[in-house]
Amino acid sequence: MATEKPHINLAVIGHIDHGKSTTVGRLMYEAGAVPAHIVEQYKKEAESKGKGSFAFAWVMDSLKEERERGITIDIAHKRFDTDKYYFTVVDCPGHRDFVKNMITGASQADAAVIVVAAPDGVMEQTKEHVFLSKTLGIKQLIVAVNKMDASKYEEARFNQVKADVGSLLKMVGTNPDSVKFIPISAFEGDNIIKISANMPWYKGKTLFGLLDELEVPEKPTEKPLRVPIQDAYSISGIGTVPVGRVETGTLKKGMNVTFMPANKTGEVKSIEMHHEEIPQALPGDNIGFNVRGIGKDDVRRGDVCGAADNPPSVAEEFSAQIVVLQHPSAITIGYTPVFHCHTAQTACTFTELVKKLDPRTGQTLEENPTFLKAGDAAIIKCHPTKPLCVESAKEFPQLGRFAIRDMGQTIAAGMCISVVKKQMR
Ligand code: GDP
């Protein structure tokens, strides 16, 4: 039997075309996670198209083309193993609505690889992604300076990109010394699983080596149960099966659980993970669970499940600390963008601009500012336009962080400080 390795959710982020897909593909290929028949098929095609030896980059570009044509090639569920861990790549590089995926995906990530192409350096989305990973609370970062082959494997270019990303990290309050930087070529396979002879000046570990140095986050099993719901199914012969990921606490068979804001209670009859029945589910487990006493339409995406005697909070109003990333003009009271919080998407109205803060030090710059603009950090109060479960990020980080989106753009990100609870009957 295979021994159970600890699991880490990994986000691979960065500006478009900087090589996220190629990096993920390369990691999976080197880890032996791409099914042999797919490798074989592409080797043959590479040969027939006169690519001589097996050209990895060509394979990745073909995969990308197929994806763009809508053909799904399932590269082993984006799962790969290193010596110590098994990884799931939680976001979906190359997807069009990438930032939105990052918000929902990255809030679940334990660590992130930020890919920055050496020839281009820091770009718009690099900034956005560094900012979001900070606000969404991803503590472990690896910066992969990619396409080193296209920058003649020059140490000076690597150092320049490292310095630029370093300033960006400082801006969001992260010490660059706490972040690992590595020069790679996902295309050529430099420093991925083997130390590259092309960059003798680099004295660090390979990307696999750095991934093995990450730490497994502690599981908050002792906290109250919270399971944001992704979807609910009705399965004949079984009944209603909500699906979601346990964020905190422990879900046990036989427990009475309450879904909020739906305010429906039922008994857990069975829990399933990876198509196997399990007696209990812990933080990080993606599960489906059958609940007796509720109907399929009683529960929907965005609801949160908790123990019946300690149900999730539904906010009448909440205070939050936010950082504004971009906005075409100015944000004033009454602004009602969509908050993406755990699995919920709910429009919330800014009801008070409490104070403007120094984004670096957190010190108050202005009480009751009349507006907020790009670059500002602030404490605000907001009112959900329909019932929303949100918790203070201090108590439940995964349920208190959110991104604010409007007109297809990420306007701001932040975390909930306190909740005025709505009375539920
Ligand atoms: P994504 O949009 O960030 O997922 O980027 P892709 O992985 O699709 O890569 C964008 C383009 O850059 C593709 O044509 C890749 O073949 C190319 N590319 C990716 N990694 C490397 C690399 O290490 N070196 C070079 N020269 N090109 C690369």
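The questions below ask how the terms applied to this predicted model follow from their cut-offs. In this predicted model, local features need pLDDT of at least 70 and side-chain atom pairs count only at pLDDT 80 or more, whereas totals for chains, interfaces and linings use all residues. Residues are numbered from 1 along each chain as its sequence is written, and side-chain values use heavy atoms, with hydrogens and water left out.

Q: Why is C348 in no disulfide with C382?
A: A disulfide is a pair of cysteine sulfur atoms within 2.5 Å; the sulfur of C348 is 5.6 Å from the closest cysteine sulfur, in C382, and is therefore too far away for a bond. By this rule the count comes to zero disulfides. C389 is likewise in no disulfide, the nearest cysteine sulfur, that of C341, being 9.1 Å away.

Q: Why does C348 count as buried or exposed?
A: Buried means under 20% relative accessible area, exposed over 50%, and partly exposed in between, with a 1.4 Å probe and protein chains only. C348 has 0% relative accessibility and so counts as buried, and C389, at 1%, therefore counts as buried too.

Q: What makes strand 8 (residues 239–245) largely enclosed by the rest of the structure?
A: Strands are DSSP runs of E with at least two residues, numbered from the N terminus. Five of the seven residues of strand 8 are buried, so this strand is largely enclosed.

Q: How do you know that strand 7 (residues 227–235) pairs with strand 8?
A: Two strands pair if DSSP finds at least two bridges between them, and six bridges join strand 7 to strand 8, which run antiparallel. Within this pair, I229 has G244 of strand 8 as its bridge partner.

Notes: Helix = DSSP H or I, 4+ residues; strand = E, 2+ residues; numbered from the N terminus.
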